[in-house]
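This report covers one strand sheet and the nonpolar cores of a predicted model. The sheet comes before the cores.

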Amino acid sequence: MNRSSLLAGVLAAAIPAQTAPFPAHLLSDLHDPSSVPASSDPAGFTPVGASMFFVADDGVHGVELFRSLGTAATTTLVADLRPGPSGSAPAQLVAVGDRLFFSADDGTHGRELWLTDGTAAGTRMIADLVPGAAGIQVGATVPFGDRLFVDIGEPAGGIEPWITDGTAAGTLQLADIVPGSGSSRGMLPVRLAVVRATAAGAEVLFAAQTPGLELWRSDGTRAGTVATGVALPSNLLFLSGGQALPNGRVTFGAIPSQGGGSNEADVWSTDGTPGGTSIVAPAVGIGAFIARSARLGSLALYAAGDTTAAVVTDGTVEGTRLIGAPGGGTIGIAKFIGESGGSMYAFGADTGTLQAVYRIDAHAIEASRVASFEYLFDGGLLNQPPFAGFAGPRIVAIARSAYTAAVAIDLASGTTTELARVDPTTNRGMAFAYGRAWLASRDPVFGAEPTATNGTVLGTTVVRDLRPGLVTGPNNGSSPFGFARAGGRTVFFATLADGPALMSTNGAPGGTTPIFRGQVSRFGVPIQVVGSRFFFVAEASATGPRLYVSEGTAGTTRAVEAGSGLTPSVYLEELVGLGDEVLFMGSTLIGTALYASDGRSIREVVPFGGNLGARMRRLGDRVLLRIARSAPPFDEIWVTDGTSAGTSRVTNASFLGPAVLEVWRDRGWFVGLGSSGGYELFATDGSPSGTASVGPLQAFAGGSRAEFLVPTADRLWIAGSGGVWFVDAVGTAPVPVSALGVRPWLTSTPPVAVGDRLVFNALTSGNLFAVVATDGTGSAATLLVDARGIYLDVGFVGLGERYALFAQDAFPLADRRLWVTDGTPGGTRALQSLDVRVVGQSIPGVAPCGQLANGLVYLAVNDPVAGVEPYVLDPGAVAERLGTGCGGVGRMAELWSVGDPVLASHTSVLGRSSAGHAAIVLFSMAAPVPSRLPLAGQCALEVDPSFAAIPGLTIVNGSFRYGLGVPDIASLAGMRVALQAAVGPTDAPLGFDLTNGIQWTLGF
């Protein structure tokens, strides 16, 4: 069964549910302000004997491996594996005896396994497993005696278990469990791997996907790597917390798919045989906690959650007992810290979300609270560095309050003492050895540098300032803007410490990297995606603004060469994709022209002459242009198919008016001066005969150019400072929304549609700024937020069909807030206090507070520590439009999401087409990039080619609708689903038209 068929099987009707977006948080501190010291950002602290190894960037060698004994003199670079500022980026640091295994990329061999004894001479690559620059993928690692059990991914064998003794000859694949390029390891739940003692010595007991879930054992040889015969249930979503006990048994936590991963977690035990494998503690609480485990003497501890704080077991049913929450309440253990005096200490939160340190005794009935304070928990389940541990008799942990700091907790008194400040963005975990804790603190003089502490203020010192000096550049952060969806990632412009760059992100801090170095054009041209590529405008060195093309990596990003007779520094404005090309208006010293580029060169389509601007919108197989001139004939509407012969003027007269142009229901819509001398709404199919006035905007205040068109599934809203109107069909005149009671204030922020309401800024009768909404019924506009005379000019961003975000000032003046609304007073609230800045410098006069891309909202926020940096917000369930529909001349099919894909709800899609009599809805897992269809004109497939199809929908009065249920399965949250519809028969090359796509991100 393919993924699309599986998806078709799980979409079923259920009960509606709704929630609000999650608060925004810092995505990445891309540019430290110049007012703070430079930082080496040490990470990956790993003790080996008396030495502490870590990776850091000293500003000269890039990210490389360092070693320290706790003094400045003994803190040195181990080896410069990749000379220059790039660094070899060591990762997966693992201590095995007195040696350190790690992976690194020396720039020649790709990422491979390395070994060091702490000296440059004793640092070497173990083996070049994949010759060339591609390298290997390194997964889970488990020390096995004096060797390392490691998951390695390489093209020929997939991800499989390997063993290495630190030599090329002693590095081998233990078994190709899934033959060929298939993988038996590397994905949950198969990461489970535990070393246990046996009568013959020791073995690694690990899980493998074959495709069933099995337990395997290995003694470190190929002959001794075999299946145990233990077949685990196929419905296990997650295995973790493996503990090898002295009695030869191995315990682990497991989450079955029943309960959606939120409840019914089990504790298992095995002796490596089918008869000796069973559940010892069934359904012990919340599944999210079961991955947290620890050893307490000869017993294993597992966090349970709810009324059961923990499970303690010796691997047998008789030796398993439950330890309750304090006072009979509920508790969630976030992390086991360590053992002291025969008791286990842990972080947890009780019913009232009070965070505290708890003590757990193996024979106690309940856990007990030791000290209350807000801690920083990493939240990860696998391979996450610890954020707490013992340094002598004290617990050292990362605490969170007004700022983040390392603190010491005295177990006797329950008091906490601050040791050092820590920035959450630079803290990379801690390590504990020889009575000290090691971490990356942010010192006011040295910046984020390696620090050691014994748990006291006097015993906390910066080991060495590896990167002295101040960061250069303006004290304003990276100032991100221009966020745009580019396949499965989001790209945006930012200013880093070493200059401007184009960034690519998957929405996570570790997944945010630069792919182009250069200044974005000051004209703010938005990024345009065309198939698997995207085009953007930037300036590198002194070349001036140029057109660039990229496939999302640094190696595929390059400037597009200008054609014959063209200067490469074309003044670019707006980019629009048409087929495999991008069209744009550009001005040179000899005038303005329409240009096209296929990513290899630039060609002139048709010259216009003079200096002018333009708005461009796709309409089926052509592009509409609104040409704005500073002198007669002023504004005109043109149409082009990308060729000189196919470019012509649509309007026969000048249309002076607000420079707006939108496409809705097979028409291009714009506002201009009509025959009566007043402003009117016009519609065009791209031909002179098909261009006509729809009706006057009688209430419009003459002379204002603040005009916006907002298309939705059912209406086209028209908003200006003179009023609000709407049309609900192509042939109807604009309907004025009377008795608003307010005056729209749209000088720079466009309104946004939320469900059946239009939300916009306005001035009340008392000349106070406010956020209001109307459903078009003619009643007074509904007041959502009265800003009491204070207004922040950072506007709305729509979150699918349910919500919109906006930024607004409040008292006190410095307390800028991010708000969320569903268009009703009861559904409008302040989400959090954030100093939100403009992120969309793409269209003149438009200043949204954020940008929705790939299911996440990206914001530019003035962070009190990091400066203006990118923030990310998860709106939960959300629907986004993908691409543009295709059709024949003057025709474009549309698809809208009616509601958002909320888990446990039923939603639908609404399609519109002026051609054909039947529709087929296609859906699949979201494709990373659209695919072009051969011989299909401008059509692009926005779903994955392995789509599932729902045929037989009849088009009635130009529309069709199909409902889909979203299952009540919490683990589906974040899944992306793409939908698109084909309508026919039509005169298109393939006999059908395609709508635009819809990307659903499932959630709450």
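## Sheet and cores

Strands S19 (residues 250-256) and S20 (residues 266-270) run antiparallel and are joined by five bridges. Gly 253 has Val 267 in S20 as its bridge partner. Both strands belong to an open sheet of four strands, ordered S18-S19-S20-S21, with antiparallel pairing. S18 and S21 (278-281) are the edge strands; each has a single partner strand, so one side of each lacks a neighbour in the sheet. On average, neighbouring strands here are turned by 35° against each other, direction ignored.

Strand S18 spans residues 236-244 and holds Gln 243. Is Gln 243 buried or exposed? Gln 243 is buried, because its relative accessible area is 13%, under the 20% cut-off. Leaving out residues up to four places away in sequence, Gln 243 touches nine residues' worth of listed partners, among them Val 194, Arg 249, Ser 293, Ala 300 and Tyr 302.Now the cores. The largest nonpolar core has 23 residues; Phe 960, Leu 979, Trp 1000 and Leu 1002 have the most contacts inside it. The strands below each give two or more residues to this core.

| Strand | Residues |
|---|---|
| S80 | 918-932 |
| S82 | 948-954 |
| S83 | 959-966 |
| S84 | 976-984 |
| S86 | 997-1001 |

S84 gives the most, with four residues. Beyond four places in sequence, Phe 960 touches residues including Leu 895, Val 909, Val 921, Leu 953, Ile 955, Ala 981 and Val 983. A second, separate core has 21 residues, including Phe 289, Leu 296, Ile 333 and Met 344. In soluble globular proteins, nonpolar side chains tend to be buried together.

Terms used. Residues numbered from 1 in each chain as written. Predicted model: local features only at pLDDT ≥ 70, side-chain atom pairs only at ≥ 80, totals over all residues. Heavy atoms only, no water. Core = buried A, V, L, I, M, F, W, Y, C linked by side-chain atoms within 4.5 Å. Buried < 20%, exposed > 50% of the residue type's maximum accessible area, 1.4 Å probe, protein only. Contact = heavy atoms within 4.5 Å. Pairing = 2+ DSSP bridges. Axes fitted to C-alpha atoms, helices over the stretch in contact; angles between N-to-C directions.
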